[in-house]
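Here is a short guided tour for someone who is new to reading protein structures. Keep the picture in view and follow along, one part at a time.

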Amino acid sequence: MYDTLIIGAGMSGLAAGIRLAYYDKSVCILEKHYSIGGLNSFYHLRGRDYDVGLHAVTNYVPPGTRRGPLARLLKQLRFRWDDFALAPQVGSRIAFPDVQLDFNNDIDLLRSEVAVNFPEERDNFERFLARLIGYDELDHQDFDVSTRQVLADVFTDPLLMEMLLCPVMMYGSARENDLEFGLFCILFRSIFLEGLGRPLAGVRLILRHLVRRFRSLGGELRLRSGVKQICADDGHAVGVVLDNGEEVSGRQILSSAGRVETMRLCGKPPTSVSAPAGKLSLVETVSTLNTPPDQIGCDRTMVFYNDSKQFSWACPSTLCDEHRGVICSPNNFRYDRAVPEGEGVIRVSTLANYDRWQGMSDEEYGLEKIRWYDRLVESAVRFVPDFRSQVIDTDMFTPKTIRRFTCHENGAVYGAPDKQPDGCTHLSNLFLCGADTGLVGIVGAINSGITMANRYCLNPGQK
Amino acid sequence: MNAAEIRTEILDILENIAPDEDLTDLKDEVAFREQLELDSMDFLDIVMELRKRHRVQIPEEDYEQLASMGSTVKYLEPILGAESA
């Protein structure tokens, strides 16, 4: 009988596991896949390493910074800043047809870009920044207010409003069209007031640290151990049954599988859950180039592009959304070590329609991937220099891939739009962690695991 | 453990929890929160570390006694003083 069973070896599950193992709880993490990481994972293909999910780690702050979500998680997990080896971004861009706003880890660049491109909004932007800086996460005041409404109250130029919404929603909005202002504040701060960074070795460095720490503290990690069922007795979880029929018992269960997915494991059908699963999923084209991207003028870390004056954020009716997306090059960070010159990678991610990808025959699926690789890259090169003649290898994943490897309903990457911040369920000792409890991204997920483990599983005050 | 040893142990715990903090001029009579960048999760860790290292269980209603170094040492003296060295 374990003290705690954790479903899912993604960022939130591993972080929760570390907290529990550190304080001498017996913990077993059960992961369905043969690899760790979940929505933020990695793979190896034809001799190269790739990241899934991680484009950049947000909440980047310089070493020695004691406040903020990154500092918090490093402290809580007993890591040093150097352990994650985060290199800051070179610089990114919000690209609409007629206007570009560049930004980097210093907010002053975005300030001056707004002043140059939207001179009449300069003072409004200052006031807006002050409001974002002053937003108190713990207070939750104004959390549920519509961000579009706030933007309309603060600004006069609709284009600026759309350009500010674009990267924030692309980073972390599970909700279509609009998002809660409280969430906007948290996400905006993560990207613009803090910043973006990446370890040279990618997400696997972070995951390797998390797993090693977890195991060294006595935590048990079982891969290829998917959970088929959560067993309960009188409102109380007693354990799980694995896909192979094995029973594992635990005093508490923490699930990062997602709310709807977890309820399904409890035998509760999705229709019984009042808040639906998230439905926003992605495709991503991965292009390996025979040159570092900046040698051909692709020098931005990330480009958030939108091909009209209006930014819309909704599940597309087509297989992929050709009109907006994120172009990311993992090469464009200020790494300490000289990277051996030679190759580069450019990734283009867009929203995608899970149902349509899922519903195809294998043959159609293969053909559509090829077709949409071409279409999305063609769409992207309106916003970055055309890199197509430099491409030496390609890969592509779809919502179906995401669903297959993470089991998240609809291949959803942002969690459900209606979050469950307390992580509670109908069972007294079953709790949720991960995207459905609030925040997304690596830092958000790790902090979610830490918070839930602290709150529900450590029980320091109890005798 | 005597008071001095307890104080040293608390400093050790604080170093573990908040390695970036400068503890050299820590004032015993001033609340930790006013001198250090500690949030509620860090306070939880002080309690958890005491439990892990010394098997001390501190009930939630006593947490406020851990507000400063002085009050923490005073609170722990009867509990840890009973431990063999």
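## The smaller picture: chain B

Let us begin with chain B, keeping in mind that this is a predicted model. A compact globule of 85 residues would have a radius of gyration near 12 Å, and chain B agrees with this because its own value is 12 Å. Measured out along the principal axes, its C-alpha trace spans about 30 × 25 × 20 Å.

What is chain B built from, in helices and strands? The count is 4 helices and 0 strands, and reading along the sequence gives the pattern α-α-α-α. Of its 85 residues, 21% count as buried. If you take the contacts in chain B between residues at least 6 apart in sequence, 58% join residues at least 24 apart.

## Chain A as a whole

Chain A has 13 helices and 18 strands. Its radius of gyration is 22 Å, close to the 23 Å that the globule rule gives for 463 residues, so chain A is as compact as a globular protein of that length. Its C-alpha atoms fill a box of roughly 60 × 50 × 45 Å along the principal axes.

How much of chain A is buried? Buried residues make up 52% of its 463 residues. For contacts in chain A with a separation of 6 or more, 73% come from residues 24 or more positions apart.

## A sheet of seven strands

Now look for the open sheet in chain A, where 7 strands line up in the order S7-S6-S14-S15-S16-S13-S17 with mixed pairing. Which strands sit at the edges? They are S7 (100-103) and S17 (391-397) of chain A, each of which pairs on one side only. On average, neighbouring strands of this sheet are turned by 15° against each other, direction ignored. As a general point, strands of a sheet pair through backbone hydrogen bonds, either parallel or antiparallel.

You can find both kinds of pairing around strand S6 (residues 92-95) of chain A. S6(A) pairs with S7(A) in the antiparallel sense over 4 bridges, and a hairpin of 4 residues joins the two strands. Here A:Ser92 stands opposite A:Phe103 in S7(A). With strand S14 (residues 302-306) of chain A, S6(A) pairs in the parallel sense over 3 bridges, and A:Ile94 stands opposite A:Phe304. Both faces of S6(A) are covered: A:Ser92 and A:Ile94 are buried on one side, and A:Arg93 and A:Ala95 are buried on the other.

Towards the other edge, strand S13 (residues 281-289) of chain A pairs with S17(A) in the antiparallel sense over 6 bridges. One pair to look for is A:Glu284 and its bridge partner in S17(A), A:Phe397. Helix H12 (residues 399-406) of chain A packs on the sheet, touching S13, S16 (344-352) and S17 of chain A, and its direction makes about 105° with that of S13(A).

## Helix H2 and the meeting of the chains

Is helix H2 (residues 69-77) of chain A enclosed or open? 9 of its 9 residues are buried, so the helix is largely enclosed by the rest of the structure. Among these buried residues are A:Leu70, A:Arg72 and A:Lys75. They belong to a set that packs against H1 (11-22), H8 (203-216) and H13 (441-457) of chain A, together with H1 (3-17) and H3 (40-54) of chain B.

The contact between the chains takes 13 residues from chain A and 14 residues from chain B. On the chain A side, the largest share, 3 residues, comes from H2(A). By class, that side has 3 nonpolar, 4 polar and 6 charged residues.

## Two arginines with a positive phi

Most residues other than glycine have a negative phi. A:Arg78, just after H2(A), takes a positive phi of about 60°. A:Arg78 lies in the loop between H2 and S5 (86-88) of chain A. It is partly exposed because 16 other C-beta atoms lie within 10 Å, a count between the limits for exposed (12 or fewer) and buried (20 or more).

A:Arg46 also has a positive phi, near 50°. Where is A:Arg46 found? Look in the loop between S3 (41-45) and S4 (48-52) of chain A. A:Arg46 counts as exposed because it has 7 C-beta neighbours inside 10 Å.

Key. Residues are numbered from 1 along each chain as its sequence is written. Chains are lettered from A and ligands numbered from 1 in the order in which they are written. This is a predicted model: local features need pLDDT of at least 70, side-chain atom pairs count only at pLDDT 80 or more; totals for chains, interfaces and linings use all residues. Two residues are in contact if their C-beta atoms, placed from the backbone, lie within 7 Å. Two strands pair if DSSP finds at least two bridges between them. Axes are lines fitted to C-alpha atoms, for helices over the stretch in contact, and angles run from 0 to 180 degrees between N-to-C directions. Ala, Val, Leu, Ile, Met, Phe, Trp, Tyr, Cys and Pro count as nonpolar, Asp, Glu, Lys and Arg as charged, and the others, Gly among them, as polar. The radius of gyration is taken over C-alpha atoms; the globule rule is 2.2 Å times the number of residues to the power 0.38.
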